[in-house]
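Grab a pencil and have the viewer open. Each exercise below gives you a task and then walks through a solution.

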Amino acid sequence: MKAHQRFRHCPSCGEAFPGGAAADPLRCGACGFVYYFGPTCATAALLIDAAGRALFIRRAKAPAEGQLGMPGGFIGEGETAEEAVRREFVEEVGFAPEELDFLCSYPNSYDYKGVTYPVLDFFFVARARGDEEPQALDGVASVHWLDPLAVDPAEIAFPSMVQALECYRRRRDPARPGFLLPEGAMRD
Ligand SMILES: [Zn+2]
């Protein structure tokens with residue numbers, strides 16, 4: 001259920017909304033209060049090693065518990081997407097990627113405690129140095145270096161991540177793992 005459908009009263013004046021607020025943005029007919037719900041922003045990065053493998057985490061918590069994803073998470077107020085993805089890497093696997101190349105963005109939705117949040121995901125690609133030792137930390141059950149072109153989409157936590165992997169498949173430079181071709185050189 002979308003968040004606005006859960007709002008039974010105006011958060012400013014207390015006016016009742018039988019059946020939930022009509023729409024996003026919420027507009028209160030009684031006091032004129034207006035509230036925009038979303039989307040919120042999130043970010044993740046595909047860290048590629050010299051063999052072309054990518055670092056995946058297996059999620060330890062809902063949503064998508066047990067599914068695979070790239071390290072990442074929600075972008076905080078005042079943070080850039082790059083700062084947020086580095087912070088999330090440190091929290092989840094114990095180190096941060098260095099140079100980040102923007103890959104693509106896709107809309108996503110995130111179901112949490114009975115509310116479906118609209119999200120916009122920003123994806124990056126980064127190169128592993130080779131001496132990282134990823135650990136399974138906050139919210140992570142295990143870490144895996146996997147071929148990003150061969151992972152079963154049914155195992156991936158979010159549709160936006162499946163789309164990001166497809167974008168990487170089209171934009172990757174086959175001669176240089178972890179690097180992207182210029183947009184104009186994309187193959188199909
Ligand atoms: Zn009101």
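**Exercise 1: What packs over α2?**

Task: find which strands help cover the buried residues of α2.

Solution. Keep in mind that you're looking at a predicted model. Step one: pick out the cover, which includes β3, β4 (54-59), β6 (72-74), β7, β8 and β9 (140-146). Step two: list what lies underneath, namely A81, A84, V85, R86, E88, F89, E92 and V93, the buried residues of α2. Step three: look at the helix itself, which runs over residues 81-93, so count along and you get 13 residues. From first C-alpha to last, α2 reaches 18 Å, close to the 18 Å expected at 1.5 Å a residue. Step four: go just past the end of α2 and you meet G94, with a positive phi near 95°.

**Exercise 2: Sides of α3**

Task: work out where the buried residues of α3 sit around the axis.

Solution. Start with the names: S160, M161, A164 and Y168 are the buried residues of α3. They cover an arc of only 100° around the axis, which puts them on the same side of α3. Here's a handy rule: an α-helix has 3.6 residues a turn, so residues three or four places apart point the same way. Now flip to the face of α3 turned away from the buried side, and you'll find the exposed residues R169 and R170. Last step: check the cover over the buried residues of α3, which includes β3 (40-48), β5 (68-69), β7 (100-112) and β8 (115-127).

**Exercise 3: Two domains**

Task: find how many residues of domain 1 are in contact with domain 2.

Solution. First mark the bounds from the domain assignment: domain 1 is 1-37 and domain 2 is 40-175. Next, take the centres over C-alpha atoms; 34 Å separate them. Then go through the contacts: four residues of domain 1 touch four residues of domain 2. Sorted by class, the side of domain 1 that touches domain 2 has two nonpolar, no polar and two charged residues.

**Exercise 4: The whole chain**

Task: write down the order of helices and strands from the N terminus on.

Solution. Begin with the tally: three helices and nine strands. Then trace the order, α-β-β-β-β-β-β-α-β-β-β-α. To finish, add the overall picture: the C-alpha trace spans about 60 × 40 × 30 Å along its principal axes, and 28% of the 188 residues count as buried.

Methods:
Residues numbered from 1 in each chain as written. Predicted model: local features only at pLDDT ≥ 70, side-chain atom pairs only at ≥ 80, totals over all residues. Domains from an automatic or database assignment. Contact = placed C-beta atoms within 7 Å. Nonpolar A, V, L, I, M, F, W, Y, C, P; charged D, E, K, R; others polar. Buried ≥ 20, exposed ≤ 12 C-beta atoms within 10 Å, placed from the backbone. Helix = DSSP H or I, 4+ residues; strand = E, 2+ residues; numbered from the N terminus. Arc of directions from axis to C-beta. Expected span 1.5 Å × (residues − 1).
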